[in-house]
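Let us learn to read cavities and pockets together. Please have the model open.

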Amino acid sequence: MADVPRPPTFADACEAVLSDPTDDHAADGTPAPIIARSVPDGWGERRARLVASRFPADVDRVLELGSGTGALLRELGERYDAVGVDSRRARLGFSAARGEAVVQGSPTRPPVHPAFDGVCAGEHATGRASAVDVCVAAYGALRPGGIAVVAAPTAPAAVAEPGVETYRGSRYLLERAVDVDAPTGRVVIDYRVTDRRTGDAAVVSDSRTVETTTAEGLTAALRTAGFADVLVAGESDLPGVVVGRGVRAVETGQ
């Protein structure tokens, strides 16, 4: 298990923003507790069912690339011997605090051996890197005959829904505003924090470009990575997302 600190609290995040609004809070992982709060109820369970429906019955060890705060990893752990990998220590802290197995590292270069029966990656992972890089990483973590299930966004709103949400704690108020420019894939998230005792307020922003693809693009990425028996399709309850499945072929003589 990765040596990660305790997960930051909502108050920690708010105090960090107020104390230094000029800091690179996205890199520091400041928004992690807000991200954890924003996951819809039941999301992890529904996504785990989708992943399990793509895996054969003999899958035991599963790796999740880009596990974040662990909403899916927690549910995978109920079904499999599951491990999550993510580069952001603050987000890993939520899984580690629950006793889940996590490793700090890049989802496109996971520091693991090719010993997993199954690997999965969601649209938040493929939205941060090219689908090819994620598929190559999945292939490299699988044993021969292993299965990968990869979801990828076809629209940036699939990973960052536009709108404003408000979060309240005993002392702090946080407003999170998400703006998405669909043609460019650019996502800008503003966090406005207000200390309700003192009236102090500060705003920080996080921006990035979401990597999108198509069913054909994800098919090509899986095949480029070396997968066989590739199947990619959309999901009626996942607008703006395509899900692909591929098998790492067993080499002759193995």
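What follows is a short dialogue on the spaces in this predicted model.

Q: How many cavities of 30 Å³ or more are there?
A: A cavity is a space where the probe fits but cannot get out. Here the count is two.

Q: What volume does the largest cavity have, and which elements line it?
A: The largest cavity holds about 60 Å³. Helix H4 (43–54), strand S4 (116–121) and strand S5 (142–153) each give at least two lining residues. The lining includes Leu-50, Cys-120 and Val-149.

Q: How do I read the chemistry of that lining?
A: Sort the residues by class. The largest cavity has nine nonpolar, one polar and one charged residues in its lining. Arg-47 is among the lining residues.

Q: What about the second largest cavity?
A: Its volume is about 40 Å³. Among its lining residues are His-25, Thr-30 and Tyr-191. By class, seven are nonpolar, two are polar and none is charged.

Q: Which residues lie closest to the centre of the largest pocket?
A: A pocket, unlike a cavity, is an open set of points. The largest pocket has about 1200 Å³ of space. Of its 45 lining residues, Pro-40, Trp-43, His-124, Ala-158 and Val-159 are closest to the centre. H4 gives the most to this lining, with five residues. The classes are 22 nonpolar, nine polar and 14 charged.

Q: Which elements give two or more residues to the lining of the second largest pocket?
A: This pocket has a volume of about 190 Å³. Its lining has 15 residues, with Ala-36, Val-39, Gly-70, Ala-71 and Arg-74 nearest the centre. The elements are H4 and helix H5 (71–76).

Key: Residues numbered from 1 in each chain as written. Predicted model: local features only at pLDDT ≥ 70, side-chain atom pairs only at ≥ 80, totals over all residues. Heavy atoms only, no water. 1 Å grid on protein atoms, 1.4 Å probe; cavity = no way out; pocket = protein on both sides within 12 Å on 5 of 7 lines; lining within 4 Å. Points joined across faces, edges and corners; volume = space filled by probe spheres on them. Helix = DSSP H or I, 4+ residues; strand = E, 2+ residues; numbered from the N terminus. Nonpolar A, V, L, I, M, F, W, Y, C, P; charged D, E, K, R; others polar.
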